Amino acid sequence: DRTWNREILAEQVGFFSGCRKVLDLACGSGIFLELLAERGIPALGVERNQEVVEWVRAQGWEVIQQDVLRFLEQSQETYDGILCSHFLEHLSFADVLRLFELLVSRLESQGTVVFILPNPESIRMHLFGFWRDPEHVRFYHPELIEAVCQHYGLQVVHTNRQEEPFAIPPLSFEASKGTVARSQPLARGWWKETVRGVYFRLLRTLRLTPYADVVGLEERLRQERVAMHDSLSTWS
């Protein structure tokens, strides 16, 4: 969803305000290049997929078709801003260290580098997101990446872990304050509804979505795609 990804990446544009030129590693379809262009910030993308590169160039953004590590090995230019969004999880740890070695040589003094990666403390990401991508290698905990940054001389000045606590609130089975309970005859199958209610409260506490809801959403999206296809066929 390009709109959703724009909203997520737009939060990172401010880190590159005033940059002379930003390097977007594994830029994909150029969403961040587009956001930077809207702010008048020059940028260069690196992407290995030829079809994607051709599409990005057709939009008017500058992008080089090459493997990221190979590009960093061969490039002699430096940048005062570098974005590395959802790329580390595609690498082994040895390649992550190699990436840092090459990256710091391309980053100017007082330059800014932003890393974005899947949250390894999210149960939802483990169950429903991460392993859908066949090229994902492993999760990287932010504390590990912070340690690697410090090892290579990068000062960590911001992390959203400070803004969004990762702690899971304790599960409570007590009635909310102010709730008035009255004795009622037990309906048939009451225990199933009770267990179901506890189950859904547990899922919400763990920030998970019931499988039935996921299936229902996928079915609605399928129906919308069919309806859209029929509509387009009607007007073609």
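This briefing covers model confidence, two helix pairs and one helix cap. The model is predicted: local features need pLDDT of at least 70, side-chain atom pairs count only at pLDDT 80 or more, and totals for chains, interfaces and linings use all residues. Residues are numbered from 1 along each chain as its sequence is written, and side-chain values use heavy atoms, with hydrogens and water left out.

**Confidence**
- The chain has a mean pLDDT of 83 (the predictor's confidence in each residue, from 0 to 100).
- In this chain, 75% of residues reach 70 or more.
- Over residues 175–183, pLDDT stays under 50.
- For residues 175–183 the model has zero contacts (heavy atoms within 4.5 Å) beyond four places in sequence.
- Where pLDDT is low, the predicted coordinates should not be read in detail.

**Helices H1 and H2**
- Helices are DSSP runs (H or I, at least four residues), numbered from the N terminus.
- The axes of H1 (residues 2–10) and H2 (residues 31–38) come within 10 Å and cross at roughly 60°.
- H1 is therefore oblique to H2; oblique covers angles outside the other classes (under 35 degrees roughly parallel, over 145 roughly antiparallel, 65 to 115 roughly perpendicular).
- Axes are lines fitted to C-alpha atoms over the stretch in contact, and angles run from 0 to 180 degrees between N-to-C directions.
- Arg2, Asn5, Arg6, Leu9 and Ala10 in H1 meet Ile31, Phe32, Glu34, Leu35 and Glu38 in H2.
- That contact has five nonpolar, one polar and four charged residues.

**Helices H5 and H7**
- The axes of H5 (residues 93–106) and H7 (residues 142–151) come within 10 Å, crossing at roughly 40°.
- H5 and H7 are therefore oblique to each other.
- From H5, Phe93, Leu97 and Phe100 meet Leu144, Ile145, Val148 and Cys149 of H7.
- The residues of this contact are seven nonpolar, no polar and no charged.

**Ends of helix H3**
- Asn49 caps the N-terminal end of H3 (residues 50–58).
- A side-chain oxygen of Asn49 lies 3.0 Å from the backbone nitrogen of Glu51.
- Just after H3, Gly60 takes a positive phi of about 100°.

Definitions and conventions:
Helices (H or I, at least four residues) and strands (E, at least two) are DSSP runs, numbered from the N terminus. Ala, Val, Leu, Ile, Met, Phe, Trp, Tyr, Cys and Pro count as nonpolar, Asp, Glu, Lys and Arg as charged, and the others, Gly among them, as polar. A polar contact is a pair of N or O atoms within 3.5 Å; within protein, one must be able to donate a hydrogen and the other to accept it, and residues adjacent in sequence count only if both atoms are side-chain atoms.
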